[in-house]
Every structure is written in C-alpha cells, then in structure tokens.
Amino acid sequence: MADDVRTMTTIVVGVDGSDASLDALRWAAQEAQLTGASLDVVTAWEYPTAFGWAPPIPADWNPEEEAKRDLAESVERTLGKTPAVNVRQVVVEGHPAPVLLAAASHADLLVVGSRGHGAFVGMLVGSVSEHCVSHATCPVVVVRG
C-alpha cells in the first residue's frame, strides 16, 4: 500500500500571525514532513488605506521589513529554530487572497487558517479562506483551531 502514498513537492501555507494561521502552519509542517514536501510560508502586507485621507506614516517605517520580521518570529515560535522540513519564507505586497493564490499556482496544496486578523467574531471561515477555497488551482485545506 505504500505505493498509494503521493509525494508532494510544495505546500504553501498562509500566515498572518493569528492563532488560526499558526495552527495552519503547524498542520502544514506536519503534512510536509509526512509527504516529503517543502513548505512555502507566505505572508502578505499592504500599506494602510483609508477613504479620503491618509494616516501619517513615520518616514522610517518599512512595512515589508516589519512583515519579514513578524513572519520569521511566527515561524520560529511555531516550528522552532530548526524545522524538520525545508521552509522558505515569502513576503509579498498585496491583498492576502490573490497573493496566496499566486503563490499556490504551482503548489500541490494550499493551507490556510479558518480566519485571520480581519475576522468578524463568530465567522467559521474568513473571507481570505473562502476566496482561496473558491479560486485555487490546487487542493486547499482550511485548518480550524
């Protein structure tokens, strides 16, 4: 029966630092270890926007570097300093849903948490998760904590 086990090459997991996304990261890392896949841990960032006015932004603020730092901390806190699988951290400017779909366009599996930081209380699936399930070209796993 071992011939029935499919070897994956790449699993993409979306991480925004929320508890649900860290649960998804743990699940994806276990799946990567079981299937021999590498793990692309993806986070998206956007400049803050508002209707009609722009909030003051400090001149030395670098949202991409902040996102990289936050992602590295999330990965280390969740998987440890030396993960058991090959992990690549990817930080991309843009809205999370299209960023994750693009990252997973050649992946074997996309893993997301059931809801992230922007969730309304009581929602079972967030808008990013729902969008990924509806539009991904690969299988999607939504991990609920």
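**Note on the salt bridges, cysteines and nonpolar cores**

1. Arg-88 counts as partly exposed, at 48% relative accessibility. Keep in mind that this is a predicted model. The side chain of Arg-88 forms a salt bridge with that of Asp-40, at 3.0 Å from N to O. This pair joins distant parts of the chain, with the two positions 48 residues apart: Asp-40 belongs to strand β2 (residues 38-45), Arg-88 to strand β3 (residues 87-93). Asp-40, unlike its partner, is buried, since its relative accessible area of 10% is under the 20% limit.

2. How many salt bridges are there by this rule? The count comes to four. The Asp-40 and Arg-88 bridge is one of them. Two more are taken up below. As background, side chains of opposite charge can pair when their charged atoms come close.

3. Look next at helix α1, which covers residues 19-35. Here Asp-23 and Arg-26 meet through their side chains in a salt bridge of 2.8 Å, N to O. The two residues are three places apart in the helix, so about one helical turn separates them. Asp-23 is partly exposed, with a relative accessible area of 23%. Arg-26 is also partly exposed, at 37%.

4. Helix α2 (residues 63-79) holds both Glu-65 and Lys-68. They sit three residues apart, about one turn of the helix. Their side chains form a salt bridge at 3.7 Å, N to O. Glu-65 is partly exposed at 38% relative accessibility. Lys-68 is partly exposed as well, at 36%.

5. Now the cysteines. The count of disulfides is zero. Cys-132 is in none, and the nearest cysteine sulfur, in Cys-138, lies 9.0 Å away. Why is Cys-138 unpaired? Its closest cysteine sulfur is that of Cys-132, and 9.0 Å is too far for a bond; the cut-off is 2.5 Å. Cys-132 is buried, with a relative accessible area of 0%. Cys-138 is buried too, at 10%.

6. Which residues touch the most other members of the largest nonpolar core? They are Ile-11, Val-13, Val-15, Leu-25, Leu-39, Val-41 and Val-111, out of 23 residues in that core. At least two core residues come from each of β1 (10-14), α1, β2, α2 and β4. The most come from α1, which gives six. A second core lies apart from this one; it has twelve residues, including Val-12, Val-42, Leu-101 and Ala-107.

7. Ile-11 deserves a separate look. Leaving aside residues up to four places away in sequence, its contacts include Ala-28, Glu-31, Ala-32 and Thr-35. Ile-11 also touches Ala-37, Ser-38, Leu-39 and Asp-40. Leu-109 and Val-111 are among its contacts too. Asp-40 is the residue that bridges to Arg-88.

8. A last residue to inspect is Arg-115. Where is Arg-115 found? It sits in the loop between β4 (109-113) and α4 (127-135). Arg-115 is partly exposed, with a relative accessible area of 37%. Its C-alpha atom is 9.0 Å from that of Val-142. Along the chain, Arg-115 and Val-142 are 27 residues apart.

How values were computed:
Residues numbered from 1 in each chain as written. Predicted model: local features only at pLDDT ≥ 70, side-chain atom pairs only at ≥ 80, totals over all residues. Heavy atoms only, no water. Helix = DSSP H or I, 4+ residues; strand = E, 2+ residues; numbered from the N terminus. Buried < 20%, exposed > 50% of the residue type's maximum accessible area, 1.4 Å probe, protein only. Core = buried A, V, L, I, M, F, W, Y, C linked by side-chain atoms within 4.5 Å. Contact = heavy atoms within 4.5 Å.
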